[in-house]
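Please consider the sequence and the structure shown below. The paragraphs that follow lead from one buried residue to the wider organisation of the chain.

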Amino acid sequence: MSDTTILEQEIAIEQQHVDRVYARLADLRRDASRAEKEGYQLAGVGTFGALVERDAMVFHAARRRHALDAEHEGLVFGRLDLLTGATHYVGRMGIRDDGSKPLVVDWRAPAAAAFYRATPAEPLGVVRRRMIQSTRERVTGVEDDLLDPEAAPEDMRVVGDGALLASLAKATGRGMRDIVATIQREQDDAIRSPAGGVTIVTGGPGTGKTAVALHRAAYLLYSDRSRFAGGGILVVGPSGVFVEYIATVLPSLGEETASLRSLGSLVPGWDATRVDSGEVAAIKGSLRMRRVLERASHDAVPGAPTELRLLYRGTLLRLTAADLERIRRAALQRGARRNEVRGHGFDRIFNDLWAQARDARVSGLPEKKEFESELADRNDFRDFLKAWWPRFTPMRVLCWLADPSRLRSYANGVLSRDEIATLQGSFDALATEGPTISDVALLDELDELLGRPRQAQKKSKNPFHVRDGIQEVSTFADRQAAARAQQVQREDDYRDYAHVVVDESQDVSPMQWRMIGRRGQYASWTIVGDPAQTAWSGDPAELDRARERALGSRKRNAYALTTNYRNSSEIFEVAAKVIRTIMPDLPLPSAVRSTGVAPVDVAATVEGLPETVRELTEKQLAEVDGTIGVIMPVPRRDEVAGWVAGLPERVQVVTALEAKGMEYDAVVLVEPSQIAIDPAGVRTLYVALSRATQRLTTVGTNPGWLR
């Protein structure tokens, strides 16, 4: 019998089971829709209790129906034939037949662990592991691993020899794919790491660090939903481009409760995309900036009144500039938060004016409380107080650093003269263009230093309220649903996450670690990164201190990923050659596949570069089906984007920094020599060169950049 015939027969066998699964899925979906309709019908009973029960039924039924819809594509992707003779099918969600017998085991369940962890050396009771490939509800292929040949029955067929490598050759599309069907042993170890403490995952380009981090988030939500869905999971990435790229992974795994944020959008109200130069970012990211910001937060307001003169019942009351400075300093003792001690400053103003009025024996001087009330009713006095001590926002104070004299005053003795000179001008565009990504951490620090004005406490919504004067919950399920709804109502600046995932952690500055740490004080952590890819050019020891302080004394669990699944060996050879120029002893991951297609380096003139870049990009469009990344030095983004304007959406234009964590089927890398201008630039170029899965083309005006 031919291999083709065997393959067709095995596909037909798996199709029978997949058909049964989808038939059961259709039944479950009809049940959920029916329950949803019946819930709405409860409104006709006419009692408030029925309304509450209706809401609970509709909510749960709609959520169940949504989950069933979300997991439709590629629902069944694996099969385990066990030594016991049992067969387990593995998929995106668990499904049982009407007799409660498992038809599909959820990939996160303990029973599915062997699908990822079994090897020929340790088969874990698995005789044959089968990967099932499908399109919608149709099985298109199967690939087998025979893990225990001696235990295999004589009639057991083994088909194919490379499901993982076959999947790696597929086009990536615009967003990141989940790897749930092809997770490897070392990746699974990290994904199923203990929920507590800190899980640290390191690995070179293409080892699946980001995918591991996201699948770990899905695994934690599955294994302890009440803890991690209730407290929340925060995923922090380096850029908005990266967050958009990974946004579809968790929903594809059946999880939509995690919060995805970039370093530039972690503070509510801001979504920064501007970047500073490496030198400026290193200074802004240093912990020394906290002292600079503390001085700014205590300084006098630019343009504030320098004197107070009030005519009170015929007597002139006066506070000089020296008086006002003394009062401000007394109210702002070390550690005081300006917005929170505003009332203390006002009290000291009243006290000094009262003392003057009393010493001057003002005619008919009332008691102190009445005196204060009279002053508070005067428009001129209220205007003075608002101008002298307004309510401060972090952005207002940070903008003060755009004034060279103020910047020198705040940074004197904290930063060197050269560092102060480097910073000058970097805050000039704050008011008109908003913050840079590095500035967002400074805004968060100022928020901590300034404190927040006292506000009337908002009355939280009572989840059990039905109508004025009536509270009613008719079932235990209602009470549970209402309690969960109350639990997940989070404020914009939520800071009590149960788990925090930090991707591309090697680029997180000390100040950014402080910003993330405030949101994970009670959390377990997953930290993912590659030291060789870092763009941080500041003090490494300071960076280590900041990271360790954010993570605290939690137990560490470390995992190293050693296999590059993304790049062909031909592409990674070029990237490895670049990084070895500055890190010759760096252990690099092994690229597991070869395409036989070598990277291409194209030389161009300055005048001809725009046309050459466009031609090369169009060529890649014809050669690959997936995405094409056009990567260039940061300052030339808009310029290069104009060169490829009007090409299909498959072409994505990103800077060398924005490319971190990204993956493209083909890459056109523009002016590599302008990226590798220093050791930090060499590491950035290493990242850019390792983004492509199938084709890599470099083009520039300096053809000797790789020598």
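**A buried proline and its surroundings**

Pro 205 has a relative accessibility of 1% and therefore counts as buried, the limit being under 20%. The model discussed here is predicted, and the burial is a value computed from it. Pro 205 is placed in the loop between strand E7 and helix H6, the latter spanning residues 209–223. Leaving aside residues up to four places away in sequence, Pro 205 is in contact with Asp 530, Gln 533, Asn 564, Arg 566, Asn 567, Phe 572, Pro 589, Tyr 686, Ser 690 and Arg 691.

Gly 206 lies in the loop between E7 and H6. With a relative accessible area of 8%, Gly 206 is buried, because this value falls under 20%. Beyond four places in sequence, the residues touched by Gly 206 are Thr 563, Asn 564, Tyr 565 and Arg 566. Pro 205 and Gly 206 both appear in an unreviewed UniProt entry under "binding site". The other positions listed in that record are Gly 203, Gly 204, Thr 207, Gly 208, Lys 209 and Thr 210.

Strand E7 leads from this loop into a sheet. Six strands form an open sheet in the order E9-E8-E14-E15-E7-E16, and their pairing is parallel. Strands E9 (259–262) and E16 (556–561) are the edge strands; each has a single partner, so one side of each is without a neighbour in the sheet. From one strand to the next, the twist averages 15°. Strands of a sheet pair through backbone hydrogen bonds, either parallel or antiparallel. Within this sheet, strand E8 (residues 233–237) and strand E14 (residues 499–502) run parallel and are joined by four bridges. Ile 233 has His 499 of E14 as its bridge partner. Helix H23, residues 540–551, lies across strand E7 (198–203), strand E15 (524–529) and E16, and runs at about 150° to E15.

The nonpolar interior comes next. In soluble globular proteins, nonpolar side chains tend to be buried together. The largest nonpolar core in this model contains 81 residues, and Ile 349, Leu 353, Leu 401 and Trp 525 have the most contacts inside it. Helix H20 (residues 437–450) supplies the largest share of this core, namely eight residues. A second core, separate from this one, has 70 residues, among them Tyr 116, Ile 191, Leu 214 and Tyr 686. Tyr 686 is also one of the residues that Pro 205 touches. As for Leu 353, its contacts beyond four places in sequence are Leu 308, Leu 310, Leu 317, Leu 319, Phe 371, Leu 375 and Phe 381.

Taken as a whole, the protein chain comprises 28 helices and 23 strands. It has 707 residues, of which 50% count as buried. Among contacts between residues at least 6 apart in sequence, 74% join residues at least 24 apart.

How far can these details be relied upon? The mean pLDDT of the chain is 86, and 85% of its residues reach 70 or more. Confidence is highest in helix H22 (residues 510–518), at a mean of 97, and lowest in helix H21 (residues 476–487), at 46. Over residues 47–52 the pLDDT is below 50, and this stretch has 13 contacts beyond near neighbours in sequence. Residues 473–488 likewise stay under 50, with 21 contacts beyond four places in sequence in the model. Where pLDDT is low, the predicted coordinates should not be read in detail.

Notes. Residues are numbered from 1 along each chain as its sequence is written. This is a predicted model: local features need pLDDT of at least 70, side-chain atom pairs count only at pLDDT 80 or more; totals for chains, interfaces and linings use all residues. Side-chain values use heavy atoms; hydrogens and water are left out. Two strands pair if DSSP finds at least two bridges between them. Helices (H or I, at least four residues) and strands (E, at least two) are DSSP runs, numbered from the N terminus. Axes are lines fitted to C-alpha atoms, for helices over the stretch in contact, and angles run from 0 to 180 degrees between N-to-C directions. Contact means heavy atoms within 4.5 Å. UniProt positions are given in the numbering used here, feature names are shortened, and annotations may be inferred rather than shown by experiment. Buried means under 20% relative accessible area, exposed over 50%, partly exposed in between (1.4 Å probe, protein chains only). A nonpolar core is a set of buried Ala, Val, Leu, Ile, Met, Phe, Trp, Tyr and Cys residues joined through side-chain atoms within 4.5 Å. pLDDT is the predictor's confidence in each residue, from 0 to 100.
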